[in-house]
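Q: Please take one salt bridge in this model and give me a close look at it. Then follow the chain outward from there, in one connected account.

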There are 2 protein chains.
Amino acid sequence: MKAGFPAGVEDCGGGEEIGKERLSTEMEKFYVGADIGGTTIKFGMFSHTGELMEKWEIPSRVENEGESILSDVAASIEEKRAERDGNIMGIGIGVPGPTTDDGVVLKCPNIHWQVVDVRKRLVELTGVGNVRVGNDANVAALGEMWKGGGRGFDSIVMVTLGTGVGGGIILGGKILTGVMGAGGEIGHTKVAWNETETCGCGGKGCLEQYASATGIVRMAKKEMRADSRLAAIADITAKDVFDAAKEGDAYALHIVDQFGMYLGTALANVAHIVDPEAFVIGGGVSKAGDIIIKNVEPYYNDNVLFALRDKEFRLAQLGNDAGIYGAVRMVL
Amino acid sequence: MKAGFPAGVEDCGGGEEIGKERLSTEMEKFYVGADIGGTTIKFGMFSHTGELMEKWEIPSRVENEGESILSDVAASIEEKRAERDGNIMGIGIGVPGPTTDDGVVLKCPNIHWQVVDVRKRLVELTGVGNVRVGNDANVAALGEMWKGGGRGFDSIVMVTLGTGVGGGIILGGKILTGVMGAGGEIGHTKVAWNETETCGCGGKGCLEQYASATGIVRMAKKEMRADSRLAAIADITAKDVFDAAKEGDAYALHIVDQFGMYLGTALANVAHIVDPEAFVIGGGVSKAGDIIIKNVEPYYNDNVLFALRDKEFRLAQLGNDAGIYGAVRMVL
């Protein structure tokens, strides 16, 4: 019904029934941001002004090539919509794989997807026309720029340091997607030429091998010194390394310096290519705090052209919510 | 006068005088592309359909901080306009330095400029409102995409291998400028971690140190082998290295392989960041021909994620005209 009234028809007045219907639909406009991960799907219900009203999550059912995932998403949104008796005006979704600007996901190993036209399928399942789909790291970058560590900027590069290294680039407010949806894959840029071990992608010397939580632990274990307090820890974590460094452990400080060198130089390379306003560093590793930026920024400045020096470096602020914020931002 | 007629007014007919004026202004619309270099300024006069009608050049007068350059540009355009008795509908300019999207040039050592608002100044000098300014390497990339080696693509990365290594990135038909006008500075991305010599920029291990004409000669001289035919040449050039490689000289083949490794890996890094459709390789070095792509492409494919493999590699086709084509493309 609502679609039958062209924009501007309100100015012509109308019967009481029409007036009521218009009022009711205007009062209850909601937007949904969703973030599909390998174990859970996170949702946020937002007002039309971008306020988060409610968060919830459901499990990711990855069996049978993840065929239930999108119908689960649609059903969960419909349930929340019905509770509020409102209209869903837009749905934004982040997915863990390369995604084109048309909303086609090319591959998502984490949720067992091959090529899936997510946008089309969700439009069919929900009846909502305004659906946008993006890669999760890109979408998280958009969220951090909108409401988190990148607030106030228009062009940012975000790196997410977790089990792997994700990246998202926003230029002039828009996600840099790339033709195969592989824009912003900073974790697999090459930063070392003498690496003998292989990265998860099959390459050698990828940033991910040095700057992810896994990579930091790998570096720390590799040449462990007996006089380091890390040597006494059975199964060290990236947090252990940063904690030891903060307490002055020389070997831990060395590892953190190496981490800073690899990440700082990788971001310098990225700056020569896209020249952003700011860098935002997120993911579990970034919880170590300011020690991250203190070790990264000097190596960045040492490795960029003069015009690119002194960019802003910020820590991410939204944690796991960056995805739902960025997702909804695409449709607001 | 003409500005007084809103679009579509032609449909309403009009008096004879108005009809004549409209006809005359429509018949003589020209567009200019200009490319400002350290020794000459190249110009192209184009039709409204983008056909090159005439090329010419004037010297770059760099004395007194290059203060005459823009008035020389304006005078030269006016002279050609008067000869044709036409209207200049747009002027695009490429300049050898970082340039913002607003047309402000931040620094141009080659022509002795500090910060210059090129767009504003040229609008004042010529009375033409439609003026666009871009960095010369970015503008050349746009030209190659429009009429040269990148034809048929919408998103390309171009590297120009000359005395230095320039770069230009076009995504979705638009130049990636960057906030400080330093987008696409591929020549100063780091590709080696063990370099002892310093790049012109002050850094160490920049792509330019291995993939420019100067860099290729530097590599060749560094560990010259007595059994190479290159050892007999007093002052070798990059062309000598490629010529010797084509004739099977083992040392020259080794140097060309090293060149390919550095450039291929650098382009792999760029692909992980912007994920283009194609790469275009230009500049004096690219005149060596297919040997360039044969040595670069395998290293590229070895160093990218699966989704980024098998991009198109092309040689540039417009030579020194890429700048005037790209410049005019900005205003057409």
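**A salt bridge and its surroundings**

A: In this predicted model, A:K55 and A:D321 form a salt bridge through their side chains, with N and O 2.8 Å apart. A:K55 belongs to strand 3 of chain A, while A:D321 sits in the loop between strand 12 (312-315) and helix 11 of chain A, so the pair ties together parts that are 266 residues apart in sequence. The two partners are not equally covered: A:K55 is partly exposed, at a relative accessible area of 48%, whereas A:D321 is buried, at 19%. The cut-off for buried is under 20%, and that is why A:D321, with its 19%, is put in that class.

The loop that holds A:D321 leads to helix 11, which spans residues 322-329 of chain A. Seven of the eight residues of this helix are buried, so the rest of the structure largely encloses helix 11 of chain A. Those buried residues are A:A322, A:G323, A:I324, A:Y325, A:G326, A:A327 and A:V328. The cover over them includes strand 1, strand 2, strand 3 (52-59), strand 4 and helix 5 (136-147) of chain A. Strand 3 therefore appears twice in this account: it carries A:K55 of the salt bridge, and it is among the elements that cover helix 11 of chain A.

Strand 1 (residues 29-36) of chain A, another part of that cover, has seven of its eight residues buried, so strand 1 too is largely enclosed by the rest of the structure. On one count, strand 1 of chain A is joined by seven bridges to strand 2 (residues 40-47) of chain A, and these two run antiparallel. Three residues lie between strand 1 and strand 2 of chain A, and the two strands form a hairpin. Within this pairing, A:G33 has A:G44 of strand 2 as its bridge partner. Strand 1 of chain A also pairs with strand 4 (residues 87-95) of chain A, here in the parallel sense and over seven bridges. In that pairing A:A34 stands opposite A:I93 of strand 4 of chain A.

Strand 4 of chain A also holds A:I88, which counts as buried at 12% relative accessibility. Leaving aside neighbours within four places in sequence, A:I88 is in contact with A:F30, A:V32, A:M45, A:I77, A:R81 and A:V128. In sequence A:I88 is 41 residues from A:S47, and in space the two are 9.9 Å apart, C-alpha to C-alpha.

One of the contacts of A:I88, A:R81, leads to a second salt bridge: A:R81 pairs with A:E78, and their closest N and O atoms are 2.9 Å apart. Both residues lie in helix 3 (residues 69-84) of chain A, three residues apart, about one turn of the helix. An α-helix has 3.6 residues a turn, so residues three or four places apart point the same way. A:E78 is partly exposed at a relative accessible area of 39%, and A:R81 is partly exposed at 23%.

A third pair is found elsewhere in chain A, where the side chains of A:R229 and A:E247 meet in a salt bridge with an N to O distance of 2.3 Å. A:R229 lies in the loop between helix 7 (213-222) and helix 8 (238-246) of chain A, and A:E247 in the loop between helix 8 and helix 9 (250-274) of chain A, so this pair ties together parts that are 18 residues apart in sequence. A:R229 counts as partly exposed at 38% relative accessibility, while A:E247 is exposed with a relative accessible area of 60%. Salt bridges also link A:E195, A:E197, A:R218 and A:K222 in a network.

Over all chains the count comes to 31 salt bridges. Across the interface of chain B and chain A, however, the number is zero. That contact takes 38 residues from chain B and 38 residues from chain A. The area buried between the two chains is about 2,900 Å², and carbon and sulfur atoms give 68% of it.

Methods: Residues numbered from 1 in each chain as written. Chains lettered and ligands numbered in written order. Predicted model: local features only at pLDDT ≥ 70, side-chain atom pairs only at ≥ 80, totals over all residues. Heavy atoms only, no water. Buried < 20%, exposed > 50% of the residue type's maximum accessible area, 1.4 Å probe, protein only. Helix = DSSP H or I, 4+ residues; strand = E, 2+ residues; numbered from the N terminus. Pairing = 2+ DSSP bridges. Contact = heavy atoms within 4.5 Å. Buried area = accessible area lost by both parts, 1.4 Å probe. Salt bridge = Lys/Arg side-chain N within 4 Å of Asp/Glu carboxyl O.
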